[in-house]
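Please examine the sequence and the three-dimensional structure shown below. The explanation that accompanies them is intended to be read with both in view.

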Amino acid sequence: MATISWRIPKVNAKNAGYLVLTDTWYPGWEASVDGKNVPIYRGDYIFRAIQLHEGEHAVVFEYHPVSFAIGAVISGISLILCGSLGVLAYLQSNSRARRK
């Protein structure tokens with residue numbers, strides 16, 4: 001599955017607060033702080049934000065789009081169907097050629 005990963009190896013939070021990324025919030029993003037999964041909040045309705053406690057942290061954002069998985073399944077089924085139809089058409093044309 002396609003994954004986009006964005007790592008921030010060193011975030012030094014002098015106080016507890018939020019780390020806000022000013023790119024668009026979208027379903028499929030997951031975040032971890034120091035290896036533990038954390039919820040992603042909407043910052044100002046459009047951005048991604050995670051809560052951080054005071055101290056130094058390693059932050060990782062990963063994007064696992066559900067739409068990609070759905071598209072891959074649909075593409076796989078389509079490929080199997082098209083391949084099956086191609087084989088079926090080939091077999092039918094060969095059987096007709098043998099009858100003549």
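The paragraphs that follow lead through a pocket, a salt bridge and several individual residues.

The structure is a predicted model, and every value given here is computed from it. A suitable starting point is the largest pocket, which holds about 160 Å³ of space. Its lining consists of V33, D34, K36, V38, P39, Y41, I50, Q51, L52, H53 and H57. Sorted by class, these lining residues comprise six nonpolar, three polar and two charged residues. Two strands, β4 (residues 36–38) and β6 (residues 47–52), each contribute at least two residues to the lining. Of the elements involved, β6 gives the most, with three residues.

One of the lining residues, H57, merits closer inspection. H57 belongs to strand β7, which spans residues 55–63. Is H57 buried or exposed? Its relative accessibility is 10%, and H57 therefore counts as buried, since the limit for a buried residue is under 20%. A polar atom of the H57 side chain lies 2.6 Å from the backbone oxygen of H53, and H53 is itself listed in the pocket lining. When residues up to four places away in sequence are set aside, H57 touches I8, P9, K10, V11, V33, D34 and L52. Among these contacts, V33, D34 and L52 also appear in the lining of the largest pocket.

D34, a contact of H57, is located in the loop between β3 (residues 29–33) and β4. Its phi is positive, at about 55 degrees, although D34 is not a glycine. With a relative accessibility of 42%, D34 counts as partly exposed. A positive phi is also found at D44, where the value is near 55 degrees and the residue is again other than glycine. D44 is placed in the loop between β5 (residues 41–43) and β6. D44 is exposed, because its relative accessible area is 64% and exposed residues are those over 50%.

Strand β3, which precedes the loop holding D34, contains S32. S32 is buried, with a relative accessible area of 13%. Leaving out neighbours within four places in sequence, S32 is in contact with N37, V38, A58, V59 and V60. Of these contacts, V38 is also one of the residues that line the largest pocket.

Strand β6 leads to the salt bridge. How many salt bridges does the structure hold? There is one, and it is formed by R48 with D23, whose closest N and O atoms are 2.4 Å apart. R48 lies in strand β6 and D23 in strand β2, so the pair ties together parts that are 25 residues apart in sequence. The two partners are described by their accessibility as follows. R48 is buried, with a relative accessible area of 0%, whereas D23 is partly exposed at 29%.

The final residue to consider is N15, in the loop between β1 (residues 4–13) and β2 (residues 17–24). N15 counts as exposed, because its relative accessibility is 59%. The C-alpha atom of N15 is separated by 8.4 Å from that of L52, although the two residues are 37 residues apart along the chain. L52 returns the reader to the pocket, where this residue forms part of the lining and is also touched by H57.

Technical notes:
Residues are numbered from 1 along each chain as its sequence is written. This is a predicted model: local features need pLDDT of at least 70, side-chain atom pairs count only at pLDDT 80 or more; totals for chains, interfaces and linings use all residues. Side-chain values use heavy atoms; hydrogens and water are left out. Helices (H or I, at least four residues) and strands (E, at least two) are DSSP runs, numbered from the N terminus. Buried means under 20% relative accessible area, exposed over 50%, partly exposed in between (1.4 Å probe, protein chains only). A polar contact is a pair of N or O atoms within 3.5 Å; within protein, one must be able to donate a hydrogen and the other to accept it, and residues adjacent in sequence count only if both atoms are side-chain atoms. Contact means heavy atoms within 4.5 Å. On a 1 Å grid over the protein atoms alone, a cavity is a set of points where a 1.4 Å probe fits but cannot get out, and a pocket is an open set with protein on both sides within 12 Å along at least five of seven lines; lining residues have an atom within 4 Å of a point. Grid points are joined across faces, edges and corners, and a volume is the space filled by probe spheres set on the points. Ala, Val, Leu, Ile, Met, Phe, Trp, Tyr, Cys and Pro count as nonpolar, Asp, Glu, Lys and Arg as charged, and the others, Gly among them, as polar. A salt bridge is a side-chain nitrogen of Lys or Arg within 4 Å of a carboxyl oxygen of Asp or Glu.
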